[in-house]
Amino acid sequence: MSNYFYVSPEQLIKDRAEFAQKGIARGRSIVAAIYDVGVLMVAENPSASLNKISEIYDRIAFAGVGKYNEFDRLREAGIRWADGTGFTYSREDVDARALANYYAQHIGDMFTEGQKPLEVEVLVAQLGTAIRPTKLFRIAYEGTISDEPRFAVLGGDAETIKGRFSASEADLEPLDVTLRNAVAALAGADRTIDVADLEVCVLQDTGGRRTFSRLTDERVAALLGT
Amino acid sequence: MGLPLFNASDDPGPSFLHFALRAGLVENPIGSGVEGRHATTVIAVRYVGGVVMVGDRQATSNYIASRDVRKIEAADRFTALAISGSAARGMEFIRMAQLSFEHYEKMTDTSLSLEGKANYLSPIIQRNNLGSPLMVIPLLAGWDPSHRDGRIFEYDGAGGCYERRDFATIGSGTPFAESALRLGFRADLDRESALELGALAIYEAGDNDPSTGGPDFVRNLFPMIITLDENGFTELPAEEVEARFVAINERRTQSQGIAGGSLR
């Protein structure tokens, strides 16, 4: 008879959660916040080419923390899902909530049934229209989906950063103020982050169909006033 | 559609067509034989600093089906795509091309090169035309930001892609439009002369080919004119297009319909 050890479901979930948390905590965090006319996403990312934030569709963006290969595969699946859905039906039928639910199901399945849980947390952001609200959906490593009203923090240090950010939050503010708050929250009191180590993207209407843009270091520096 | 996840070994990559085929969003065309009708005229002319494209607006079956069709579309900021042939397949073709260029850009965070876009279309044309009686022939033109030059790519019915350094035409009005372009084209054309020549070529095609719509002074509908330069795709405003065709028409009225002498 082969060796068989009983592991209680509680213990199994606890072990898996610890494993995923440890993996996610190794990387840097991301802050996403709604500002007066758009959605801002800020990642601390020393790499200029391995992005954590990406365009999914006309009004939808993606951000991921944790293991790069794992969240990048989710990013690609999101673009395919959005382009495929828009091609089959209409561009206005591509809804962030549906995509966030698919991510939650997949990440949840991997947490309970996979060889190992995914060591990722992802964000799906949507810039609102007349028929859809502006939304931030955060999906945690075990598949929990949360609909964040004003801002969301992803990553191992999320609770601390969340505390620092909420302290400086009032009404919806303009982009520059929101960006300064987000960077200050990411950095903390005793640290500054170099502009070159920031990946900053926004969803904002500029007259065209696509609303996603990646801000250059110069633009970020100008907005931060440094 | 569920979340489309693939293993690294069988991933369709950044090509939307390959993904769409895998996911069953498009079908391979069925049928065979070529119905060689393409009632249209669209031309593209290179000038120093860009490309001008002019296209008629008429959709023809046995009768005139529509008088205000847009046969030239922006495939992305720096690329324009025109179609001749089956209207249904042409629309699907333009949608697939637009989506594919954008899909590639989002997947890889880099834009496809203009040559990459031109080559990408070849198998799509081949797939359509060799598998279906509803033929589509596109014309691709664009501003190439890496070569800083306007470029034109034409296709044959089997998907062969050829770069043209002067001008190109598609559709049933080709013989007439092409004659005008051959006589009027010079390598050092500026934007204004290219616009003039392009409008004249479409006027000629509309005058001689029953399936090409010329300027329609009754309904105030005129062929569409676009330019591609370092600022990207720009459609000329309706008043300017109208003024150009009114001018050509007045010249032609004065000469009692004789084209001679107005080309140069």
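These are my notebook entries on a predicted model with chains A and B.

**Ground rules.** Residues count from 1 along each chain as its sequence is written, and chains are lettered from A in the order in which they are written. Because the model is predicted, I took local features only at pLDDT of at least 70 and side-chain atom pairs only at pLDDT 80 or more, while totals for chains, interfaces and linings use all residues.

**Chain B overall.** I started with the make-up of chain B: six helices and twelve strands. Helices here are DSSP runs of H or I with at least four residues, strands are runs of E with at least two, and both are numbered from the N terminus. The C-alpha trace spans about 70 × 40 × 30 Å along its principal axes. I then checked the radius of gyration of chain B, which is 19 Å and agrees with the value near 18 Å for a compact globule of 264 residues. That radius is taken over C-alpha atoms, and the globule rule is 2.2 Å times the number of residues to the power 0.38. Buried residues account for 45% of chain B; buried means 20 or more other C-beta atoms within 10 Å of the residue's own, exposed means 12 or fewer, partly exposed is in between, and C-beta atoms are placed from the backbone.

**The sheet in chain B.** Next I traced an open, antiparallel sheet of five strands, ordered β10-β1-β2-β11-β12. Pairing needs at least two DSSP bridges between two strands. β10 (167-170) and β12 (232-235) of chain B are at the edges with a single partner strand each, so one side of each has no neighbour in the sheet. From one strand to the next, the twist averages 15°. I looked closer at β1 (residues 42-47) of chain B and found four bridges to β10(B), antiparallel. One pair to click on is B:A44 with B:A168. Helix α4 (residues 174-184) of chain B packs on this sheet, touching β1 and β10 of chain B, at about 165° to the direction of β10(B). Axes are lines fitted to C-alpha atoms (for helices, over the stretch in contact), with angles from 0 to 180 degrees between N-to-C directions.

**Where A meets B.** Each side puts in 15 residues, from chain B and from chain A. Contact means C-beta atoms, placed from the backbone, within 7 Å. On the side of chain B, α1 (16-22) and α2 (87-108) are the elements that give two or more residues, and α2(B) has the largest share, four residues.

**The core.** I asked which residues touch the most other members of the largest nonpolar core, and got A:V31, A:A32, A:M41, A:V42 and B:M53, out of 138 residues. Such a core is a set of buried Ala, Val, Leu, Ile, Met, Phe, Trp, Tyr and Cys residues joined through C-beta atoms within 7 Å. Leaving out residues up to four places away in sequence, A:V42 touches eight listed residues, including A:I30, A:L179 and A:V200.

**Two spots in chain A.** A:G155 sits in the loop between β8 (151-154) and α4 (158-167) of chain A. A:G155 is buried, with 22 other C-beta atoms within 10 Å. Beyond four places in sequence, residues touching A:G155 include A:G27, A:V65 and A:E121.

Last, I looked at strand β3 (residues 53-57) of chain A: five of its five residues are buried, so the rest of the structure largely encloses it. β3(A) pairs antiparallel with β4 (residues 60-66) of chain A over four bridges. The two make a hairpin with two residues between them, and A:E55 stands opposite A:A61.

Methods:
Contact = placed C-beta atoms within 7 Å.
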